[in-house]
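Please find below a colleague's note on the packing and the charged pairs of this chain, meant to be read beside the structure itself.

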Amino acid sequence: MNDQFMQAAIDEAIIGRDEGGIPIGSVLVIDGQIVGRGHNRRVQKGSSVLHAEMDALENAGRLTAAQYGRATLYSTLSPCDMCSGAALLYQIPTIIVGENKTFQGPEKYVRSRGVSLTVLDNETCVELMNAFIAKHPELWNEDIGV
């Protein structure tokens, strides 16, 4: 695990926040290189599916099964059902999560499918989400389907 990759995901989250969106960021790493970056752009793009992980996967472009099999997905927040499903679909073996205090996706299920999922309890990630949730609870509830 390399802190530079979580920092890159945090940088993406800050970009999203500064654009007026939800501060969640993600990067896809293969063989020690970032191949895709993304941040939650549901607000900015009026999208129903453009979560940070989906944006990072989209920005990585088409990859082979062998490439996904060597990938690690970093996310500042525990991936939701949709984003976890995408990681499972492409058989990404490792997910590194910044925090799961403000939201927890189906981590137990993802692990049961053989994925190594680590939660860092990164305070910067927690602070970004707590500040956003306090300021924009209605937008946060929309994002998580409440």
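The points below take up the nonpolar cores and then the salt bridges.

1. This is a predicted model, in which local features need pLDDT of at least 70 and side-chain atom pairs count only at pLDDT 80 or more, while totals for chains, interfaces and linings use all residues. Residues are numbered from 1 along each chain as its sequence is written, and side-chain values use heavy atoms, with hydrogens and water left out.

2. The largest nonpolar core (buried Ala, Val, Leu, Ile, Met, Phe, Trp, Tyr and Cys residues joined through side-chain atoms within 4.5 Å) has 16 residues, and those with the most contacts inside it are Leu 28, Leu 57, Leu 73, Ile 92 and Ile 95. Buried here means under 20% relative accessible area, exposed over 50%, and partly exposed in between (1.4 Å probe, protein chains only).

3. Apart from neighbours within four places in sequence, Ile 92 is in contact (heavy atoms within 4.5 Å) with residues including Leu 28, Leu 57, Leu 73 and Val 115. A second, separate core of twelve residues includes Met 6, Ile 10, Val 27 and Val 29.

4. There are seven salt bridges, each defined by a side-chain nitrogen of Lys or Arg within 4 Å of a carboxyl oxygen of Asp or Glu. In one of them, Glu 142 pairs with Arg 42, the closest N and O atoms being 3.4 Å apart; Glu 142 is partly exposed at 46% relative accessibility, whereas Arg 42 is buried at 11%.

5. Glu 107 and Arg 111 also form a salt bridge (4.0 Å, N to O). Glu 107 is buried at 4% relative accessibility, whereas Arg 111 is partly exposed at 39%.
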